[in-house]
Each structure stands twice: as structure tokens, then as C-alpha cells.
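Hi,

Here is the structure I promised to send over. Have a look at it first, and then read my notes below.

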Amino acid sequence: DCVASFATLDSTTLQPTSEPTTVASNRVLLDKFSVRLGRYKRGDVCFMKSPTKPNSWIVKRVIALEGDRVRTDDQGVVSIPQGFCWVEGADSDPSPDSNSLGPLPLGLIDGVVAYALYPSL
């Protein structure tokens, strides 16, 4: 559990937004070791604790990291502070992301999707 684990994720999180999918979910391998070392990259799909529901998990894509600036429709240009990131989800994902909550703490990230092992129908 300190190095890697498995999770089942909604496949729309792993697909480009312009590419529709009929697969309900994907079984994925989560890299937890990189998270413990603080190795995050823009574009990573992250499995993280929900900032609004402490006992829930969400899956979001990292758009920006500490020190970056993000232009948003509602908030203008946002600077990402140290220890935070900007994450966004798929359009069909109803859970909140940085567009509604602002930058989120990196400490919420539990794992980064390393491999999609197989789709579940």
C-alpha cells in the first residue's frame, strides 16, 4: 500500500474529453511511491481524497502545480501556491474540482494512475 495499489475508476476520467466511451470503468494500478517522493506532473490522473467529503475519493487530472498560473473563466488568473495543485475532472464527473474550489492541497493525492490494466464492462 506504500508503493502501489489497485483501484477501479470511471473510464471517462482516463479518456480525452472529445473521445466518447462506452466502457463503464477501468481497473488501474496506482503509483503511490511517486506521490510519497513528491513527484507530480501536469497531466497526471490522480486518485485523491475529496476536499468536501472526507470519507470519499475522487479522480482528477493535474492541470497546474505550485508556482504555475492558471487562467479560469470565473476566477481570472490564479497563482498556485506552494504545496497546492490545480485539478480538473471530466465534464460528466459531478464532483467538485479546482474550478469551484480553487487550488487543492497536494496532500490530498493518494496515488497517480500508472497503468490502466483492463476495462470493466
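**What I found**

The protein chain has two helices and nine strands. Keep in mind that this is a predicted model. Going from the N terminus, the order of elements is β-β-α-β-β-β-β-β-α-β-β. The chain has 121 residues, and 36% of them count as buried. Its accessible surface comes to about 7100 Å², with 51% of that belonging to carbon and sulfur atoms. If you take the contacts with a separation of 6 or more, 51% of them are between residues 24 or more positions apart.

**Salt bridges**

How many salt bridges does the structure hold? There are three.

Let me start with Lys32 and Asp110, where the closest N and O atoms are 3.0 Å apart. This pair links distant parts of the chain: Lys32 sits in the loop between strand 2 and helix 1, while Asp110 belongs to strand 9 (residues 109–120), 78 residues away. Lys32 is buried, with a relative accessible area of 5%. Asp110, on the other hand, is partly exposed at 21%. The cut-off for buried is under 20% relative accessible area, so Asp110 at 21% does not count as buried.

Next comes Asp68 with Arg42, whose side chains meet at 2.7 Å, N to O. Asp68 is in the loop between strand 4 and strand 5 and Arg42 is in the loop between helix 1 and strand 3, so this bridge ties together parts that are 26 residues apart in sequence. Here Asp68 is the buried partner, with a relative accessible area of 18%, and Arg42 is exposed at 51%.

The remaining bridge joins Asp44 and Lys41, at 3.6 Å from N to O. Asp44 is buried, with 9% relative accessible area, whereas Lys41 is exposed at 54%.

**The aromatic pair**

There is one aromatic pair in the structure. Phe47 and Trp57 are stacked, with 4.9 Å from centre to centre and 5° between the planes. Phe47 lies in strand 3 and Trp57 in strand 4 (residues 57–65), so the pair ties together parts that are ten residues apart in sequence. Which of the two rings belongs to a buried residue, and which to a partly exposed one? Phe47 counts as buried, at 15% relative accessibility, while Trp57 is partly exposed at 41%.

**Around Asp31**

Asp31 is found in strand 2 (residues 25–31), and it is partly exposed, with a relative accessible area of 22%. What does Asp31 contact once you leave aside its neighbours within four places in sequence? The list is Val3, Gly111, Val112 and Ala114. There is also a spacing you may want to look at on screen: Asp31 and Tyr115 are 84 residues apart in sequence, yet their C-alpha atoms are 8.7 Å apart in space.

**A nonpolar patch**

Val3 turns up again on the surface: together with Phe33 and Leu37, Val3 makes a nonpolar patch of about 290 Å². Leu37 is in the loop between helix 1 (33–36) and strand 3 (45–49). With a relative accessible area of 44%, Leu37 is partly exposed. Patch residues need over 30% relative accessible area, so Leu37 clears that cut-off.

**The strand 5 and strand 6 hairpin**

Finally, take a look at strand 5 (residues 69–72) and strand 6 (residues 76–79), which pair in the antiparallel sense over four bridges. The two strands form a hairpin with three residues between them. In that pairing, Arg69 stands opposite Ser79 of strand 6.

Which side chains of strand 5 are buried, and which are not? They alternate along the strand: Val70 and Thr72 point to one face and are buried, and Arg69 and Arg71 point to the other face and are not. So if you are browsing the model, Arg69 is a handy residue to select, being opposite Ser79 and on the face of strand 5 that is not buried.

Cheers

Terms used: Residues are numbered from 1 along each chain as its sequence is written. This is a predicted model: local features need pLDDT of at least 70, side-chain atom pairs count only at pLDDT 80 or more; totals for chains, interfaces and linings use all residues. Side-chain values use heavy atoms; hydrogens and water are left out. Two strands pair if DSSP finds at least two bridges between them. Patches are made of residues with over 30% relative accessible area and no salt bridge: like charges are joined within 9 Å, nonpolar side chains (Val, Leu, Ile, Met, Phe, Trp, Tyr) within 5 Å. Accessible areas come from the Shrake-Rupley method with a 1.4 Å probe; for residues, only the protein chains shown count as cover. A salt bridge is a side-chain nitrogen of Lys or Arg within 4 Å of a carboxyl oxygen of Asp or Glu. Buried means under 20% relative accessible area, exposed over 50%, partly exposed in between (1.4 Å probe, protein chains only). Contact means heavy atoms within 4.5 Å. Rings of Phe, Tyr and Trp (its six-membered ring) pair if their centres lie within 6.5 Å; planes under 30 degrees apart count as stacked, over 60 as edge-to-face and the rest as tilted.
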